[in-house]
Amino acid sequence: MTEITTVKQRFGIIGNSPLLDRALEVALRVAPTDLTVLVTGESGVGKEFFPQVIHAYSARKHSKYIAVNCAAIPEGTIDSELFGHEKGSFTGAVEARKGYFEEADGGTIFLDEVAELPHPTQARLLRVLQTGEYIRVGSSKVQKTNVRVVAATNMNLQEAIAQGRFREDLYYRLGTVPITVPSLRERPEDIPLLFRKFAADVAVQYRMPAVTLDDAAREMLKNYYWRGNIRQLKNVAEQISAIEQTRVITSEVLAKYLPPQGGGAPMAAGTMRMDDTMSTERELLYKVLFDMRADINDLKRMISELMKGGVPCPEPVRDVKALLPTTAQSSYVPAVASYPQPPVYAESKEVTDEPPREMTKADMQREQIIRALRRNNGRRREAAAELFMSERTLYRKIKELGIEDNS
């Protein structure tokens, strides 16, 4: 029995693809060293197994192994999570706390989704990798740690570097030894094995006969694109096992669980499909239009009350202009200014101050974000939920559009 076969049995890795065997071979060779490893591959291919293999076959196997999902930690607290903080260093820091690098001293730390780290944290991480030194948040004391770092990402870091979202020096420091995990479409011979494993797991868990595939269904599985890789295949196997009464699955039955999709390159993490982007922008535009309509209705009501009450209006143009929303002032002024004015009100000519400017999509997004922040008293989480976006996306939009955030 070879060492790679032993690793597969120990960690439950299914497959006989040469690309998979090559990735495991590199992991086993680099494990006894302390070199930094960068694991790359699409989402859902099983990158999380490789740092476990590296740690288990290293000299640090009896020390701690800590896995950190960098994308799941808010940007404002990630430095504290990784490097610790001192008591009173920020609101809520009622006591000193160790970070992951301090907790994992002597062991291995796995940084998943490392491309999601903000730039200041990337600089801190680079210093740890170069010198083993770090400073807790709110402290001036330099501390040292002896940690083996294994990072993973499903992003194209070269593109992230070109766009200024990832440090080039950190990329070369992390990628001392690169390991590329193959996608499921690159190892089609393993797809029936994985399906059989997932179907057998469901059968054992719920005490039912396991489903099997006929030849046509097996070929359909092997030729499908599998944009979601192993995670998607497991989802399909579990759905079929739970829903279908027949235990022999044909291609006609299988086709109901495989959504049609093209063969283009899968999306990188952190990106949105075009239809998702258009849907989000459409929602924002609708909300802007609804708010503008409400402002116009309020304006009509106020003008109607003024007219019915007979309240004298010595400066009608200026009063109406002050009541209009800032985004719609220029478009409504000509309609008001077109009314004949008595000659004594010569100052009404000040209305024609500048030509109307058409609002851009960025202007609408900026106004909608400001409205949402005001309605939620500056609380970004509630504002993000109202705008149908994540808190991280809202934070990025605030920075891009130059919005003052007093939260």
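**Salt bridges, a parallel sheet and some positive phi values**

Start at K197, which counts as partly exposed at 34% relative accessibility. The model is predicted. The side chain of K197 meets that of D201 in a salt bridge, with N and O 2.6 Å apart. D201 is also partly exposed, and its relative accessible area is 36%. Why can these two meet? Look at their places in helix α9, residues 191-206: they are four residues apart, which puts about one helical turn between them. The general rule is that an α-helix has 3.6 residues a turn, so residues three or four places apart point the same way. Side chains of opposite charge can then pair when their charged atoms come close.

Now step just past this helix. R207 sits in the loop between α9 and β8 (212-213). The phi of R207 is near 55°, a positive value in a residue other than glycine. Most residues other than glycine have a negative phi. R207 is exposed, with a relative accessible area of 80%.

Two further residues have a positive phi. E113 has phi near 55° and is not a glycine. Its place is the loop between β3 (108-112) and α6. Is E113 buried or exposed? E113 is buried, because its relative accessible area is 17% and the cut-off for buried is under 20%. N377 follows α16, and its phi is positive too, near 55°.

Helix α16 itself runs over residues 361-375. Check its length. At 1.5 Å a residue, its 15 residues should span 21 Å, and the end C-alpha atoms are indeed 21 Å apart, which agrees. Which residues of α16 are buried? They are M364, Q365, E367, Q368, I369, R371, A372 and L373.

Back to charged pairs. How many salt bridges does the structure hold? There are 20. The K197 and D201 pair was one within a helix. Other pairs reach across the chain. R60 forms a salt bridge with D34, and their closest N and O atoms are 3.1 Å apart. This pair links distant parts of the chain, 26 residues apart: R60 lies in the loop between α3 (49-56) and β2 (65-69), and D34 lies in the loop between α2 (18-30) and β1 (37-40). The two partners sit in contrasting surroundings. R60 counts as buried, at 8% relative accessibility. D34 is exposed, at 52% relative accessible area.

R124 and D79 form another salt bridge, with the closest N and O atoms 3.5 Å apart. This pair joins two helices and distant parts of the chain: R124 is in α6 (residues 119-131), D79 is in α4 (residues 78-83), and their positions lie 45 residues apart. R124 is partly exposed, with a relative accessible area of 28%. D79 counts as buried, at 18% relative accessibility. Elsewhere, salt bridges form a network that links R22, E25 and R29.

Next, the sheet. Five strands form an open sheet in the order β2-β3-β6-β1-β7, and their pairing is parallel. Which strands stand at the edges? They are β2 and β7; each has a single partner strand, so one side of each is left without a neighbour in the sheet. On average, neighbouring strands of this sheet are turned by 20° against each other, with direction ignored.

Move inward to β1 and β6. Strand β6 covers residues 148-153, runs parallel to β1 and is joined to β1 by four bridges. One position to find is L38, whose bridge partner in β6 is A151. Helix α2 lies across β1, β6 and β7. Relative to β7, the helix α2 runs at about 155°.

Finish just past strand β7. S183 is found in the loop between β7 (177-180) and α9. S183 is buried, because its relative accessible area is 3%, with the cut-off at under 20%. Its side chain makes a polar contact with the side chain of R185, at 3.3 Å. What else does S183 touch, leaving out residues up to four places away in sequence? S183 touches E42, V45 and N229.

Terms used
Residues are numbered from 1 along each chain as its sequence is written. This is a predicted model: local features need pLDDT of at least 70, side-chain atom pairs count only at pLDDT 80 or more; totals for chains, interfaces and linings use all residues. Side-chain values use heavy atoms; hydrogens and water are left out. A salt bridge is a side-chain nitrogen of Lys or Arg within 4 Å of a carboxyl oxygen of Asp or Glu. Buried means under 20% relative accessible area, exposed over 50%, partly exposed in between (1.4 Å probe, protein chains only). The expected span of a helix is 1.5 Å times one less than its number of residues. A polar contact is a pair of N or O atoms within 3.5 Å; within protein, one must be able to donate a hydrogen and the other to accept it, and residues adjacent in sequence count only if both atoms are side-chain atoms. Contact means heavy atoms within 4.5 Å. Two strands pair if DSSP finds at least two bridges between them. Axes are lines fitted to C-alpha atoms, for helices over the stretch in contact, and angles run from 0 to 180 degrees between N-to-C directions.
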